[in-house]
Amino acid sequence: MAASGSSAPLPASSAPPYSGAARIADSPCFPQYTASLKCLEANANKSKCQQEFDYYKECKKKEREARLERNRKRSFFQ
């Protein structure tokens with residue numbers, strides 16, 4: 001019999017070959033993301049979670065701006 005797991009793929013925790021977040025859990029905005037989901041689970045009314053949505057949206061905006069700035073610095077055509 002072959003040993004189970006001998007030809008298993010790389011573990012999910014292996015780092016992606018690029019510096020971007022491969023999963024939402026790797027994102028710096030993960031705490032805001034989970035807070036918004038917890039709020040939705042706790043409240044049937046979506047409008048009660050607007051503050052959490054706004055925090056997450058602002059975090060994603062800053063994350064995108066930082067990524068664009070990194071890409072600008074690496075550009076060959078400046």
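User: Is K60 buried, exposed or partly exposed?
Analyst: K60 is partly exposed, with a relative accessible area of 32%. Keep in mind that this is a predicted model.

User: What does the K60 side chain meet in a salt bridge?
Analyst: The K60 side chain pairs with that of E63, at 2.9 Å from N to O. E63 and K60 are 3 residues apart in helix α2, so about one helical turn separates them.

User: And E63, buried or exposed?
Analyst: E63 counts as buried, because its relative accessibility is 17% and the cut-off for buried is under 20%.

User: Which other side chain makes a polar contact with E63?
Analyst: The side chain of S27 does, at 3.1 Å. S27 sits in the segment before α1 and is buried, with a relative accessible area of 8%.

User: How many salt bridges does the count come to?
Analyst: The count is 3 salt bridges. Besides the bridge of E63 and K60, R72 meets E69 at 2.5 Å, N to O, and R23 meets D26 at 3.2 Å, N to O.

User: Where do R72 and E69 lie?
Analyst: Both are in helix α2, 3 residues apart, which is about one turn of the helix. R72 is partly exposed at 48% relative accessibility, and E69 is partly exposed with a relative accessible area of 34%.

User: What about R23 and D26, how accessible are they?
Analyst: R23 has a relative accessible area of 38% and is partly exposed. D26 is also listed at 38%, partly exposed.

User: Switching to cysteines. How many disulfides?
Analyst: There are 2 disulfides. C29 is joined to C59, with S to S at 2.0 Å, and C39 is joined to C49, with S to S at 2.1 Å.

User: What parts does the C29 and C59 pair tie together?
Analyst: C29 lies in the segment before α1 and C59 in helix α2, so the disulfide ties together parts 30 residues apart in sequence. Both cysteines, C29 and C59, are buried.

User: What's the handedness there?
Analyst: The torsion about the S-S bond of C29 and C59 is about -95°, so that disulfide is left-handed.

User: And the handedness of the C39 and C49 link?
Analyst: The link of C39 and C49 is left-handed, with -95° about the S-S bond. C39 is in helix α1 and C49 in the loop between α1 and α2, so this pair ties together parts that are 10 residues apart in sequence.

User: Are C39 and C49 buried or exposed?
Analyst: C39 is buried, with a relative accessible area of 9%. C49 also counts as buried, at 0% relative accessibility.

User: What's the pairing if I number the bonded cysteines in sequence order?
Analyst: The pairing is 1-4, 2-3.

User: Aromatics next. How many aromatic pairs does the structure hold?
Analyst: It holds 2 aromatic pairs. In one of them, the ring centres of Y33 and Y56 are 5.7 Å apart.

User: Why is the pair of Y33 and Y56 tilted?
Analyst: The planes of Y33 and Y56 are at 50°. Planes under 30 degrees apart would count as stacked and over 60 as edge-to-face, so an angle in between counts as tilted.

User: Which helices are Y33 and Y56 in?
Analyst: Y33 is in helix α1 (residues 30-42) and Y56 in helix α2 (residues 50-74), and the pair links distant parts of the chain, 23 residues apart. Y33 itself counts as partly exposed at 28% relative accessibility.

User: Which residues form the aromatic cluster?
Analyst: F30, Y33 and Y56 form one cluster.

User: Back to helix α1: what is S36 in contact with, leaving aside its neighbours within four places in sequence?
Analyst: S36 touches E52 and F53, its neighbours within four places in sequence being left aside. S36 is found in helix α1 and counts as buried at 6% relative accessibility.

User: Last topic, confidence. What does the chain's pLDDT average?
Analyst: The chain averages a pLDDT of 78, and 68% of the residues score at least 70. Over residues 1-13 the pLDDT is below 50, and beyond near neighbours in sequence this stretch has 2 contacts in the model.

User: What should not be read in detail where pLDDT is low?
Analyst: Where pLDDT is low, the predicted coordinates should not be read in detail.

Key:
Residues are numbered from 1 along each chain as its sequence is written. This is a predicted model: local features need pLDDT of at least 70, side-chain atom pairs count only at pLDDT 80 or more; totals for chains, interfaces and linings use all residues. Side-chain values use heavy atoms; hydrogens and water are left out. pLDDT is the predictor's confidence in each residue, from 0 to 100. Contact means heavy atoms within 4.5 Å. Rings of Phe, Tyr and Trp (its six-membered ring) pair if their centres lie within 6.5 Å; planes under 30 degrees apart count as stacked, over 60 as edge-to-face and the rest as tilted. Helices (H or I, at least four residues) and strands (E, at least two) are DSSP runs, numbered from the N terminus. Buried means under 20% relative accessible area, exposed over 50%, partly exposed in between (1.4 Å probe, protein chains only). A polar contact is a pair of N or O atoms within 3.5 Å; within protein, one must be able to donate a hydrogen and the other to accept it, and residues adjacent in sequence count only if both atoms are side-chain atoms. A salt bridge is a side-chain nitrogen of Lys or Arg within 4 Å of a carboxyl oxygen of Asp or Glu. A disulfide is a pair of cysteine sulfur atoms within 2.5 Å.
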